[in-house]
Amino acid sequence: MGADVILRDGCEIGANVIIEGPAVIGEGCRILSNAVIGLEAQVVDLQSDSGGVEIGTGTIIRETATIHRSMYQGQNTIIGKNCYIMVGSHVGHDSHVGDEVILVNHCSLGGHVEVGDNCFISNFIGVHQRMRIGEGAILVGPIAVRKDVPPFVKMAGYPFRVAGLNVVGLRRRGVSAEVRAEIKRVYGILFNEPGTMAQKIDKLEAQAPLGAEIQSVVEFVRDSKNGIYQGRV
């Protein structure tokens, strides 16, 4: 255990775990054998002491998983609450992972990746640095992710594409059939209607009021700098 490591109440730390600070491990976290947390950012020309790691309450980190701290002083790589980080997974520096996210064995998030709440990223998926995964998405690999993944979708196939809504995930969150149908309608507009993406976003935003899930989709697509995956819903 390195300096500047804070373990909140009820943490369980397995054999041969390495944690370097600054790091804050939330209440009730379980970190199993040989996980490595808080080593310096994996940046070839790192110029200065880097920042820290923050892990939310109730998160489980399995064997040999690795989480690197931020490359910037005063900033953190962040893992949310009640996540499940499986064997051999990697979370790169300055990534922000939301609450209740599952990373399956040996998937890897590059630096500065953003993952929304309630996502599921399957084994042997590599997410390129600075990509964004929208909330409630499920990604089925193995594959390399090179664009932003919009919220609430299922991603699969070769080439990688939207293969429908994450209906199971939406049901578990209590999203009604009516709202699921509205999400599907919105993606139909974004993926299939003529015009630029900006024009289609403007059209959707003019249809006030937008529910929380639709607002999430619209804001995610509007703010994307990497382009989004498309397909069918």
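Along strand 10 (residues 76-79), which side chains point to one face and are buried, and which point to the other and are not? Let's take a look at this predicted model.

## Strand 10 and its two faces

In strand 10, T77 and I79 are the buried pair, pointing to one face. N76 and I78 point to the other face and are not buried. This fits a general pattern: side chains in a regular strand alternate between the two faces of the sheet.

## The neighbours of strand 10

Strand 10 pairs with strand 7 (residues 52-55) in the parallel sense, over 4 bridges. One residue to look for here is I79, the bridge partner of I55.

Strand 10 also pairs with strand 13 (residues 96-97), again in the parallel sense. This pairing has 2 bridges, and H96 in strand 13 is the bridge partner of I78.

## A buried serine in helix 4

Next, find S216 in helix 4 (residues 212-223). S216 counts as buried because its relative accessible area is 16%, and buried means under 20%.

What does the side chain of S216 make a polar contact with? The partner is the side chain of E135, at 2.6 Å. Leaving aside neighbours within four places in sequence, S216 is in contact with E135, P151 and F152.

## A nonpolar patch on the surface

Finally, turn to M1, in the segment before strand 1 (5-7). M1 has 60% relative accessibility, so it counts as exposed. Together with L7 and I13, M1 makes a nonpolar surface patch of about 270 Å².

Technical notes: Residues are numbered from 1 along each chain as its sequence is written. This is a predicted model: local features need pLDDT of at least 70, side-chain atom pairs count only at pLDDT 80 or more; totals for chains, interfaces and linings use all residues. Side-chain values use heavy atoms; hydrogens and water are left out. Patches are made of residues with over 30% relative accessible area and no salt bridge: like charges are joined within 9 Å, nonpolar side chains (Val, Leu, Ile, Met, Phe, Trp, Tyr) within 5 Å. Accessible areas come from the Shrake-Rupley method with a 1.4 Å probe; for residues, only the protein chains shown count as cover. A salt bridge is a side-chain nitrogen of Lys or Arg within 4 Å of a carboxyl oxygen of Asp or Glu. Buried means under 20% relative accessible area, exposed over 50%, partly exposed in between (1.4 Å probe, protein chains only). Two strands pair if DSSP finds at least two bridges between them. A polar contact is a pair of N or O atoms within 3.5 Å; within protein, one must be able to donate a hydrogen and the other to accept it, and residues adjacent in sequence count only if both atoms are side-chain atoms. Contact means heavy atoms within 4.5 Å.
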